[in-house]
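Here is a walk through one protein model, meant to be read with the structure open beside it. Take a look before reading on.

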Amino acid sequence: MKLAVFGAGAVGTSVLELAGDYGHDVVAVADSASAAVDADGLDPEVVTRRKHDEGQVGDGEPADALAADYDVLVEATPTTLGDAEPGFSHVGTALERDRHVVLANKGPVAERYGDLRAAEQASAGSVLFEATVAGAIPTLSTIGDLGADRVTAVRGVLNGTANFILSRMAAEGLDYEHVLAEAQDLGVAEADPTFDVEGTDAALKCVILANVLYDREYTLADAEVSGIADLPGSALKLAAEDGRTVRLIGEVADGTVRVGPRLVPENGTLAVTGTRNIVQLETEHAGRLNISGRGAGGPETASAVLADVGRLSRR
Ligand code: HSE
């Protein structure tokens, strides 16, 4: 498949670097202000070096990448709330051109699911978005295989940054500010980690799960969200005295979407450590399925993007 990649951050760059291994060519890359286009396939090293050295991917305009001859547009620009722009317009343009779309950007799926599905219906192209929920973990494809109406609830740890902070606080008795600074130093947290620690990122993933499970439009406004920013270290100490710990748990059940810090058994399935995520699916006939793995990171999330590209190429 010929790919146009929008977004040259950790995920977009990893898609560019790994696409060849998966048998695909990247014919266009765009960041917010520039683009590189080559119908014969771009050299990932040249593009990433230019981005690193000069802050831009090429000499073209982002519109050149939109107009390129690609089979699949990969949308990996940063998630934005509300109108989900500019990501939504990139997706809309590709679908109007009857091209496929693969999203790593959560905004269009979480905030404009109805518009997204309407644009897909009017197009010969399809939209897939495995990478929007829990990075490398095959969550949406598993739900798709089981049948969304056979999955009665989903819960789990869906934010690696918050989980890193909580597990370090519990293991070392450190306070929140200290561990957040550590996470930023290690490059685990975003430079602006607000979405991570306030629960917004986990809530967006849960909203996407609700959209898929219930096939009606949820947005962030439908989610009940609290984060971990105000959690005192003493809460973790008290929990530990009782054999428990605290995790930021997202849950989609009975038509509701909730995210917040919850007490879980210290050695239980949900108490994953570090940046690891876990997704628990409650199924109608097969009980509980647990899927755990890396929920964030460039190559990890790119592997989910490229799995979607593979699905499209086999159709
Ligand atoms: N920043 C997120 C996390 C990954 O820490 O899990 C992208 O959703």
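What follows goes from domains to sheets, then to a pocket and an odd loop.

## Ground rules

This is a predicted model, so to speak of local features we need pLDDT of at least 70, and side-chain atom pairs count only at pLDDT 80 or more, while totals for chains, interfaces and linings use all residues. Residues are numbered from 1 along each chain as its sequence is written, and side-chain values use heavy atoms, with hydrogens and water left out.

## Two domains

The protein splits into domain 1 (2–135 + 298–314) and domain 2 (140–294); the bounds come from an automatic or database domain assignment. Taken over C-alpha atoms, the centres of domain 1 and domain 2 are 26 Å apart. Across the divide, 18 residues of domain 1 are in contact with 22 residues of domain 2, contact being heavy atoms within 4.5 Å.

## The sheet that starts at E3

A word on labels: helices (H or I, at least four residues) and strands (E, at least two) are DSSP runs, numbered from the N terminus. Two strands pair if DSSP finds at least two bridges between them.

One open sheet has six strands in the order E3-E2-E1-E4-E5-E6, with mixed pairing. Its edges are E3 (35–37) and E6, each pairing on one side only. Inside the sheet, E1 (residues 2–6) and E2 (residues 25–30) run parallel and are joined by five bridges. Phenylalanine 6 has alanine 30 of E2 as its bridge partner.

## The sheet that starts at E8

The other six-stranded open sheet reads E8-E10-E9-E7-E11-E12, again with mixed pairing. Here the edge strands are E8 (223–225) and E12 (287–294), each paired on one side only. From one strand to the next, the twist averages 25°. Angles run from 0 to 180 degrees between N-to-C directions, with axes fitted as lines to C-alpha atoms (for helices, over the stretch in contact).

Which strands do ten bridges join? They are E9 (residues 244–253) and E10 (residues 256–265), an antiparallel pair. Threonine 245 is partnered by valine 264 of E10, and leucine 248 by proline 261 of E10. The E9 and E10 hairpin has two residues between the strands, and aspartate 254 there takes a positive phi near 50°. On its way to the edge, E10 also runs parallel to E8 through three bridges, with alanine 223 opposite valine 257. Over at E12, eight bridges hold an antiparallel pairing with E11. E11 and E12 make a hairpin too, with three residues between them, and glutamate 282 stands opposite arginine 288 of E12.

## Helices against the sheet

Two helices deserve a look here. Helix H8 (residues 160–172) lies across E7, E9 and E11, and runs at about 155° to E9.

What about H7? The sheet order E8-E10-E9-E7-E11-E12 is worth recalling. The twist there averages 25° between one strand and the next. Helix H7 (residues 139–146) packs on that sheet, touching E7 (151–157), E11 (276–283) and E12, and its direction makes about 15° with that of E11.

## The second largest pocket

How much space lies in the second largest pocket? About 330 Å³, where the volume is the space filled by probe spheres set on grid points that are joined across faces, edges and corners. A pocket is an open set of points on a 1 Å grid over the protein atoms alone, where a 1.4 Å probe fits, with protein on both sides within 12 Å along at least five of seven lines; lining residues have an atom within 4 Å of a point.Of the 14 residues lining this second largest pocket, the closest to its centre are Leu128, Leu140, Ser141, Gly144 and Asp308. H7 gives the most to the lining, four residues, and H6 (113–121), E6 (127–128), H7 and H13 (298–314) each supply at least two. Domain 1 and domain 2 each contribute at least three lining residues. By class, the lining has six nonpolar, two polar and six charged residues (Ala, Val, Leu, Ile, Met, Phe, Trp, Tyr, Cys and Pro count as nonpolar, Asp, Glu, Lys and Arg as charged, and the others, Gly among them, as polar).

## An odd loop

Most residues other than glycine have a negative phi, and most peptide bonds are trans. The loop between E4 and H4 holds alanine 84, whose phi is positive, near 55°. Proline 86 sits in the loop between E4 (72–75) and H4 (87–96) as well, and a cis peptide bond, with omega about 5°, joins glutamate 85 to proline 86.
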